[in-house]
Amino acid sequence: VQLQASGGGSVHAGGSLRLSCAASGRSFSSTVAGWFRQAAGKEREFVAVVRGTSGSTNYAASVKGRFQIIRDKAANTLDLQMNNLKPEDAAVYYCASSDRQYLILSQAWAEDAYDSWGQGTLVTVSS
């Protein structure tokens, strides 16, 4: 399984960016996939997940209402639409894929639930 993330960049606070993750070797349509981020000097943290065939989505409290995780089954991509960006959203963003079709939420938040990771894409937000 290979994941290729793209779409990072630099924006002013209040701006928007859309990240995209393309997968090969696994279908996003039936498995659990998500986005994590790691800010400078901090540990990697959960951002959003879409869980398997149900397509249910969940978000970290810090991004809920501003970010949207979008799964394109035809293109086999996983996007993260980020609106109203804040300086504290600046980080390297990683897409992640699990071979599981379903995870309970507490599992989906954890890095060790995922066996494949993209290379990371940098998002910077200036105030």
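Two strands count as paired here if DSSP finds at least two bridges between them. I start with that because β7 and β8 come up first: strand β7, residues 67-72, runs antiparallel to β8 and is joined to β8 by 6 bridges. This is a predicted model, so please hear what follows as computed from that model.

The two strands form a hairpin, with 4 residues between them. In the turn, Asn 76 has a positive phi of about 55°. For register, Arg 71 stands opposite Leu 78 in β8.

Next, the other neighbour I want to show. β3 also pairs with β8, again in the antiparallel sense, over 6 bridges. There, Arg 18 stands opposite Gln 81 in β8.

Now β8 itself, residues 77-82. Of its 6 residues, 6 are buried, so the strand is largely enclosed by the rest of the structure. Both faces are covered. On one side we have Thr 77, Asp 79 and Gln 81; on the other, Leu 78, Leu 80 and Met 82.

Last, the disulfide. The structure holds 1. Cys 21 and Cys 95 form the link, with their sulfur atoms 2.1 Å apart. The angle about the S-S bond is 60°, and the link is right-handed. Cys 21 lies in strand β3, residues 17-24, and Cys 95 in strand β9, residues 91-97, so the pair ties together parts that are 74 residues apart in sequence.

Are the two cysteines buried or exposed? Cys 21 is buried, at a relative accessible area of 0%. Cys 95 is buried too, and its relative accessible area is 0%.

Definitions and conventions: Residues numbered from 1 in each chain as written. Predicted model: local features only at pLDDT ≥ 70, side-chain atom pairs only at ≥ 80, totals over all residues. Heavy atoms only, no water. Disulfide = S-S within 2.5 Å. Buried < 20%, exposed > 50% of the residue type's maximum accessible area, 1.4 Å probe, protein only.
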